[in-house]
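Subject: The structure for you to look at

Hi,

Here is the structure I said I would pass on. Have a look at it first, and then read my notes underneath.

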Amino acid sequence: MTLMIDSVLTAADSALRTLFARPHATRAIPAPSQAPGELSEAECREAGALMRVNHVGEVCAQALYTAQAAVARDPALRARFIEAAHEETDHLAWTRQRLDELGARPSILNPLWYAGAFGLGLVAGRLGDPLSLGFVAETERQVEAHLDSHLDRLPSGDSASRAVVEQMKVDEARHASQAVDAGAAELPAPAKAMMRAASRVMTTLAHRI
């Protein structure tokens, strides 16, 4: 009973912090390898839209990891999910900082994205720890590919956003590898396809609103 209450309080705290508080990173925002160039108004809008999508992804990551931690059967795995959520807070803070610097705003649908991702995390967690870890591994692989595509789409002069995305990509690949090492089960192809379809809907909407 105490564990259930603690999980509910942790989930509520995560939701409030993610959606309404200013995130604080434990690592400094990645520094670009070259000085940022001058961006046109159109380039600023596009960079802002792409970083809004990335920020939404981090909102979802907070929800997923928090939900999976709440229902994880293994205490060590629960601690791993909580630690991963803390690491993803750096990404949340970095993408929010870039949104501010580009004069862009977060998605107004963030509460919806959080709720949906939290529900998916609960479902994945209820399927058992191996499948829950498999969901993490596949999610991180898809996020890594998504970030790779953003490196191609970001304006060439926006080296500041590029540095953030590059570090995020490294971190997501590490999270996927850690999930596999911890015993992740391979998800069936239909599940992977559904995840990609849901991701396309989210990224399309978040790019605009």
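Below is what turned up, starting with the pocket and ending with the cysteines. One thing to keep in mind is that this is a predicted model.

**The pocket**

Let's begin with empty space. Rolling a probe the size of a water molecule over the atoms shows where such space is left. Here, the largest pocket holds about 860 Å³. Which parts of the chain supply its lining? Two or more residues each come from α2 (41-71), α4 (110-126), α5 (129-153), α6 (159-181) and α7 (189-208). The lining has 38 residues in total, and the ones nearest the pocket's centre are Leu-64, Leu-120, Phe-135, Thr-139 and Met-195. Sorted by class, 25 of the lining residues are nonpolar, 9 are polar and 4 are charged.

**Ser-107**

Next, find the loop between α3 (75-101) and α4, where Ser-107 sits. Is this serine buried or exposed? Ser-107 has a relative accessibility of 4%, so it counts as buried, the cut-off being under 20%. What does its side chain reach? One partner is the backbone nitrogen of Leu-109, at 3.1 Å. Another is the side chain of Trp-113, with which the Ser-107 side chain makes a polar contact at 3.2 Å. If you skip residues up to four places away in sequence, Ser-107 touches Arg-52, Val-56, Trp-113 and Ile-209. So Trp-113 turns up both as a polar partner and in that list of touching residues.

**Asp-90**

Now go to helix α3, which contains Asp-90. Asp-90 counts as buried because its relative accessibility is 2%. Which side chain does it make a polar contact with? That would be the side chain of Arg-27, and the distance is 2.6 Å. Once neighbours within four places in sequence are set aside, Asp-90 is in contact with Ala-25, Thr-26 and Arg-27.

**The cysteines**

Last topic: disulfides. A disulfide is a covalent bond between the sulfur atoms of two cysteines. How many disulfides does the model have? The count is 0, going by a rule that asks for two cysteine sulfur atoms within 2.5 Å. As for two cysteines you can look up yourself, Cys-44 is partly exposed, with a relative accessible area of 25%. Cys-60, on the other hand, counts as buried, because its relative accessibility is 13%.

That's the tour. Have fun clicking around!

Cheers

Technical notes. Residues numbered from 1 in each chain as written. Predicted model: local features only at pLDDT ≥ 70, side-chain atom pairs only at ≥ 80, totals over all residues. Heavy atoms only, no water. Buried < 20%, exposed > 50% of the residue type's maximum accessible area, 1.4 Å probe, protein only. 1 Å grid on protein atoms, 1.4 Å probe; cavity = no way out; pocket = protein on both sides within 12 Å on 5 of 7 lines; lining within 4 Å. Points joined across faces, edges and corners; volume = space filled by probe spheres on them. Helix = DSSP H or I, 4+ residues; strand = E, 2+ residues; numbered from the N terminus. Nonpolar A, V, L, I, M, F, W, Y, C, P; charged D, E, K, R; others polar. Polar contact = N/O pair within 3.5 Å; in protein donor to acceptor, adjacent residues only side chain to side chain. Contact = heavy atoms within 4.5 Å.
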